[in-house]
Amino acid sequence: MSLPPVLQNLRIPVVGSPLFIVSGPDLVIAQCKAGVVGSFPSLNARPGPVLGEWLDRITDELAAHDASNPAHKAAPYAVNQIVHKSNDRLEHDVEMCVKYKAPVVITSLGAQSWLNDAIHSYGGVVLHDIINIAHARKALEKGADGLIAVCAGAGGHAGALSPFALVQEIREFFDGPLLLSGAIANGRAVLAAEAMGADLAYMGSAFIATQEANADQGYKDMIVASGAEDIVYSNLFTGVHGNYLKPSIVNAGLDPNNLPESDPSKMNFGSGGNTDKKAWKDIWGCGQGIGAVKDVPTVAGLVDRLEREYLAGKRGLAASLASARVAAE
């Protein structure tokens with residue numbers, strides 16, 4: 001298993017997942033400066049011309065950081081593209097990624113060869129998120145460089161498969177870049193993702209509860225106060241199954257234990273699905289790993305914690321293996 005050069009030499013093997021509404025330049029820049037990949041959905045930049053402004057700022061600030069910190073250069077950034085017929089900005093947003101030579105592009109809800117070719121034209125890397133083997137094979141056939149396995153417990157739109165099952169089956173036919181998403185919110189979970197066969201952990205919910213995130217303070221506080229049992233899996237709000245904070249559903253006047261099924265043909269990623277409540281704005285997406293989130297730190301503070309936990313986990317694993325070898329002798 002090998003990573004493309006742009007994804008090597010991260011401080012810890014973490015990619016911050018793109019968060020609808022929440023991810024903006026402040027969050028992305030802070031993530032990259034802290035040594036992990038920062039990302040954002042291109043549709044967060046509204047209207048379309050704002051995307052160029054964001055890419056200008058991110059590019060300039062990270063270049064300035066690198067010039068001032070040659071020994072601790074920033075991690076690359078990534079732009080998420082929703083490859084779905086409902087996205088009438090897709091062609092424009094891909095053109096902007098080409099113009100600014102976005103190092104990494106994350107594609108969701110559809111795989112298209114022309115998009116992959118466009119990103120490859122300047123040496124960019126395309127990662128495609130998937131929830132099953134059929135999607136994984138199709139993404140690779142269309143030219144994706146790597147896969148993001150979005151497993152049970154991931155925040156927002158998520159699959160229902162165990163990471164043990166999905167990663168194992170992917171590794172039977174693909175030895176390229178593989179990221180794992182699903183309830184990863186501490187450094188030991190990052191280490192576990194590697195042990196399972198993934199190259200990088202794909203983490204979102206913990207970054208929502210940071211000072212740089214463009215999220216309502218109530219959203220951040222709810223994450224701190226909640227745990228795995230406070231997550232509800234439903235397709236009501238966008239037409240695609242996802243995980244959401246139960247208290248936000250209650251606050252919207254709905255019964256989280258009796259949510260109807262939505263019509264998948266009426267996908268709506270910006271507002272509403274089959275309700276008058278807006279997904280992400282009123283109904284807050286979140287993953288099952290949030291029991292690890294105890295406060296609302298800066299991004300730098302969160303990455304510091306993740307690194308400590310990750311390194312402690314590696315030391316503990318090394319000690320356990322050493323003890324096992326001694327016992328076997």
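What follows is a short tour of the sheet, two of the helices packed against it and one loop residue in a predicted model.

The sheet comes first. It is open and built from 8 strands, and reading across it gives the order E1-E9-E8-E6-E5-E4-E3-E2, with parallel pairing. At the edges sit strand E1 (14-16) and strand E2 (38-41), each of which has a pairing partner on one side only. Going from strand to neighbouring strand, the average turn is 25°, with direction ignored.

One of the pairings can be looked at in more detail. Strand E8, residues 178-181, runs parallel to strand E9, residues 200-203, and the two are joined over 3 bridges. Here Leu180 has Ala201 of E9 standing opposite.

Then there are the helices. Helix H1, made up of residues 25-34, lies across E1, E2 and strand E3 (77-82), and runs at about 160° to E2. Helix H3, covering residues 90-100, also packs on the sheet, where it touches E3 and strand E4 (104-108). The direction of H3 makes about 160° with that of E3.

Away from these elements, Asn69 turns up in the loop that links helix H2 (50-68) to E3. Is this residue buried, partly exposed or exposed? Asn69 counts as partly exposed because its relative accessibility is 29%, a value between the 20% cut-off for buried and the 50% cut-off for exposed. As for its place relative to Leu140, the two residues are 71 positions apart along the chain, and their C-alpha atoms are separated by 37 Å.

Terms used:
Residues are numbered from 1 along each chain as its sequence is written. This is a predicted model: local features need pLDDT of at least 70, side-chain atom pairs count only at pLDDT 80 or more; totals for chains, interfaces and linings use all residues. Side-chain values use heavy atoms; hydrogens and water are left out. Two strands pair if DSSP finds at least two bridges between them. Helices (H or I, at least four residues) and strands (E, at least two) are DSSP runs, numbered from the N terminus. Axes are lines fitted to C-alpha atoms, for helices over the stretch in contact, and angles run from 0 to 180 degrees between N-to-C directions. Contact means heavy atoms within 4.5 Å. Buried means under 20% relative accessible area, exposed over 50%, partly exposed in between (1.4 Å probe, protein chains only).
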